[in-house]
Amino acid sequence: MTAGGRPGMGKESDRIPDRVACLNTRSLVATLVSTHGFNCEVWQSGGVFVNGGERQAVNFVVKRHRFACGLPQIKAYRRDYRRLREALGDMVPEAVFVATRIDGVASVVVLAEARAPWFDLARPGNDAEARPLLARMPRARGQLARFVAAARGWAGEGRVVDLYGAENLVLDRDHQVRFLDSFGAFFHADLAHAVAGVDEDYQERIDISLRRLGYLESLLA
């Protein structure tokens, strides 16, 4: 993705087709904005709510997990989210993880503040545009430096932040750096080496994430 638009973004209001126990999906107006994620699809919604007599406009996304998901895995997702928020602050949008049932199967949804991606920072093919953009955006450059430092620290502990997925690390429309992943935000290097051998697909995701981290470092050089 390059500056100025999101390919494939829906334009018409729709409904989340699944039965989600914690949401009234029949009446919730939502637009499908991404199906790229391995673990989830993303819907955007919003509306006007009355709080203490005041009308407030709210814009949020619903991330629907694709697979069955039990409480231990949900707790792991929450731990990863807290780790990201503690290190990166509001670069990670506020989010709530809700254990629920999707079409009768135990799973999880995330309700998060909407941050529309504008430019995919972690995609090496965007290099020619990324460098001049960051040169004009000292705040975003500082945020990226903070992200890279945190990611290098985690990698040294065997925890590789997920830069494999599309639009995980982006500039939003306010030209601020955002990390948008919610499910499986880290790859754990020791999990790639199972008793029976190496999980080549998992290892490839780690390797690509580390190469992209090196690319991000080069943008700051």
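A nonpolar core is a set of buried Ala, Val, Leu, Ile, Met, Phe, Trp, Tyr and Cys residues joined through side-chain atoms within 4.5 Å. Keep that in mind for the second stop. The model on screen is predicted.

**Stop 1: the whole chain**

Show everything as cartoon. The protein has four helices and 12 strands. Now colour by burial: of its 221 residues, 44% count as buried. Switch on the surface. About 11500 Å² is accessible, and carbon and sulfur atoms hold 51% of that area. Then look at contacts between residues at least 6 apart in sequence: 59% of them join residues at least 24 apart.

**Stop 2: the largest nonpolar core**

Select Phe147, Leu163, Leu169, Leu171, Phe179 and Leu216. Within the 46 residues of the largest nonpolar core, these touch the most other members. Next, pick helix H3, residues 138-156. Helix H3 gives this core its largest share, seven residues.

Centre on Leu169. What does leucine 169 touch, leaving out residues up to four places away in sequence? Its partners are Phe119, Asp120, Leu121, Ala122, Leu144, Phe147, Leu163, Val177, Arg178, Phe179 and Leu216.

Another core lies apart from the largest one. Select Leu28, Phe60, Val62 and Ile102, which are among its 10 residues.

**Stop 3: the largest pocket**

Move to the largest pocket, with about 1000 Å³ of space. Select Asn39, Asp162, Asp181, Ser182 and Phe183. Of the 48 lining residues, these are the closest to the pocket's centre.

Which elements each supply at least two residues of the lining? Highlight these:

- strands E1 (30-34), E2 (40-51) and E3 (54-65)
- strands E5 (105-113) and E10 (186-188)
- helices H1 (71-88) and H4 (200-220)

H1 provides the largest share of the lining, seven residues. Now colour the lining by class. The pocket wall has 24 nonpolar, 11 polar and 13 charged residues.

**Stop 4: aspartate 80**

Stay on helix H1 and select Asp80, which lies in that helix. Is aspartate 80 buried or exposed? Its relative accessibility is 10%, so aspartate 80 counts as buried; the cut-off for buried is under 20%. Show its neighbours, skipping residues up to four places away in sequence: aspartate 80 touches Ala185 and Phe186.

Methods. Residues are numbered from 1 along each chain as its sequence is written. This is a predicted model: local features need pLDDT of at least 70, side-chain atom pairs count only at pLDDT 80 or more; totals for chains, interfaces and linings use all residues. Side-chain values use heavy atoms; hydrogens and water are left out. On a 1 Å grid over the protein atoms alone, a cavity is a set of points where a 1.4 Å probe fits but cannot get out, and a pocket is an open set with protein on both sides within 12 Å along at least five of seven lines; lining residues have an atom within 4 Å of a point. Grid points are joined across faces, edges and corners, and a volume is the space filled by probe spheres set on the points. Ala, Val, Leu, Ile, Met, Phe, Trp, Tyr, Cys and Pro count as nonpolar, Asp, Glu, Lys and Arg as charged, and the others, Gly among them, as polar. Buried means under 20% relative accessible area, exposed over 50%, partly exposed in between (1.4 Å probe, protein chains only). Contact means heavy atoms within 4.5 Å. Accessible areas come from the Shrake-Rupley method with a 1.4 Å probe; for residues, only the protein chains shown count as cover.
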